[in-house]
Amino acid sequence: MTAQAAARPVEETAARAAVDVVALGESMVTFLPARPGRLADVPSFDRGIGGAESNVVCALAAAGHTTRWVSRVGADGFGDHLVEAIARYGVDTSAVGRDPHRPTGIYFRTADDRDTDAHEVVYYRAGSAASAMSPASVDESALTSGRVLHLSGITPALSADCLDLVRHLCARRPGRAPLISFDVNHRPGLWKDAAAGPDVLLDLARGADLVFVGEDEAAAAWGVTGGPDAVRAALPEPATVVVKQGSRGATVYRHGEDPVFQAALTVDVVAPVGAGDAFAAGFLSATLRGLPAAHRLRHGHLMAAAALTVPGDLATPPARAHADRLADLDDSAWETLRLGPGWTADVLKDSGAEEEVRTP
């Protein structure tokens with residue numbers, strides 16, 4: 001435990017305990033070009049924030065859950081902006097550490113679709129405050145006092161200390177709590193040893209209770225082909241494995257139950273970013289509410305549809321009653337449902353929160 005954590009009064013620690021989901025991970029300030037073009041040619045940028053894990057808890061907070069983000073930022077203006085922007089979503093940021101010796105990470109990207117050759121991303125995150133997270137520098141009580149702890153494969157790629165921290169949290173031990181949620185989020189460019197990354201991620205995923213992984217991601221990282229059943233066979237330990245199958249849908253596997261598939265929705269896409277984090281948020285929300293497996297997938301698809309129909313990653317989530325009505329549709333109605341911009345309730349209009357963009 002850090003000196004800062006040790007100095008916290010017992011009352012503050014107890015107050016932080018009453019949350020649904022805690023997420024650990026780096027968020028960065030991101031600069032988005034004011035117009036399309038090469039980074040060399042763009043004259044000005046708009047500021048946003050990005051982080052896969054913070055995206056999840058921001059979306060969950062907007063959907064009515066209590067959440068906490070645990071991380072480290074620099075003792076600088078960018079760190080101030082990150083903490084304030086995420087807190088405006090209703091996320092508890094009291095366990096975010098400030099590092100006087102390391103900066104907050106930032107990055108720049110072009111406005112082009114990230115799947116095109118014209119897309120450029122430039123990171124300034126080496127040696128960032130978040131990359132110094134370790135078992136010794138993070139208050140473990142802040143991580144383990146929620147019902148769910150959400151992690152991703154991005155954090156262990158940041159440094160050896162970050163890897164030690166995530167390994168510690170994913171280690172199976174008697175009485176381990178809370179439920180460990182792990183989004184594989186394989187980003188080859190983040191790993192110093194790109195060849196070792198897939199094996200590390202597979203080991204971490206096997207230690208989790210709930211795993212999110214793309215079918216294409218499993219093929220690229222682990223060479224697992226043969227569909228969702230093959231992915232589940234590669235991850236027999238987790239109680240729940242969600243295999244995302246792109247525009248086709250997703251399949252969930254739970255111990256002792258038959259697999260359940262739910263088709264993805266037809267969506268008029270505004271920007272093809274943020275869907276993965278939003279899907280995880282929707283699935284976790286339904287899990288916290290104890291809904292059946294099919295409804296968990298449908299709520300994931302609905303939250304993903306919200307993200308896909310806005311320019312950034314974090315969208316206004318559908319009002320819970322609205323989402324429940326859509327999730328209750330029969331199969332025929334669900335498969336013919338089409339969603340476009342503006343379909344969700346405008347519950348965030350007065351939040352003042354910054355639009356999120358996911359870290360590529």
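These notebook entries record what I looked up in a predicted model.

**Entry 1: the sheet.** I began with the strands and found that eight of them form an open sheet. Its order reads β4-β1-β9-β10-β11-β12-β13-β14, and the pairing is mixed. I then looked for the edges: β4 (67–70) and β14 (260–263) each pair on one side only. From one strand to the next, the twist averages 20°.

**Entry 2: one pair of strands.** I examined β12 (residues 240–244) and β13 (residues 249–254), which run antiparallel and are joined by five bridges. Within this pair I noted that T240 faces R254 of β13.

**Entry 3: a helix on the sheet.** I next asked which strands helix α11 touches. The helix, residues 293–308, packs on the sheet and touches β12, β13 and β14. I recorded an angle of about 30° between the direction of α11 and that of β14.

**Entry 4: two helices.** I followed α11 to helix α12 (residues 320–327) and found that their axes come within 10 Å and cross at roughly 120°. Since this angle falls in neither the perpendicular range of 65 to 115 degrees nor the antiparallel range over 145, I entered α11 and α12 as oblique to each other. The crossing of α11 past α12 is right-handed. On the α11 side I listed H295, R298, H299 and L302, which meet A323, D324, L326 and A327 in α12.

**Entry 5: cysteines.** I searched the whole structure for disulfides and found zero. I also looked up the exposure of two cysteines. C58 has a relative accessible area of 0% and is buried. C170, at 4% relative accessibility, also counts as buried, because the cut-off is under 20%.

Technical notes:
Residues numbered from 1 in each chain as written. Predicted model: local features only at pLDDT ≥ 70, side-chain atom pairs only at ≥ 80, totals over all residues. Heavy atoms only, no water. Pairing = 2+ DSSP bridges. Helix = DSSP H or I, 4+ residues; strand = E, 2+ residues; numbered from the N terminus. Axes fitted to C-alpha atoms, helices over the stretch in contact; angles between N-to-C directions. Contact = heavy atoms within 4.5 Å. Disulfide = S-S within 2.5 Å. Buried < 20%, exposed > 50% of the residue type's maximum accessible area, 1.4 Å probe, protein only. Parallel < 35°, antiparallel > 145°, perpendicular 65-115°, else oblique. Left-handed = near helix turned anticlockwise from the far one by under 90°.
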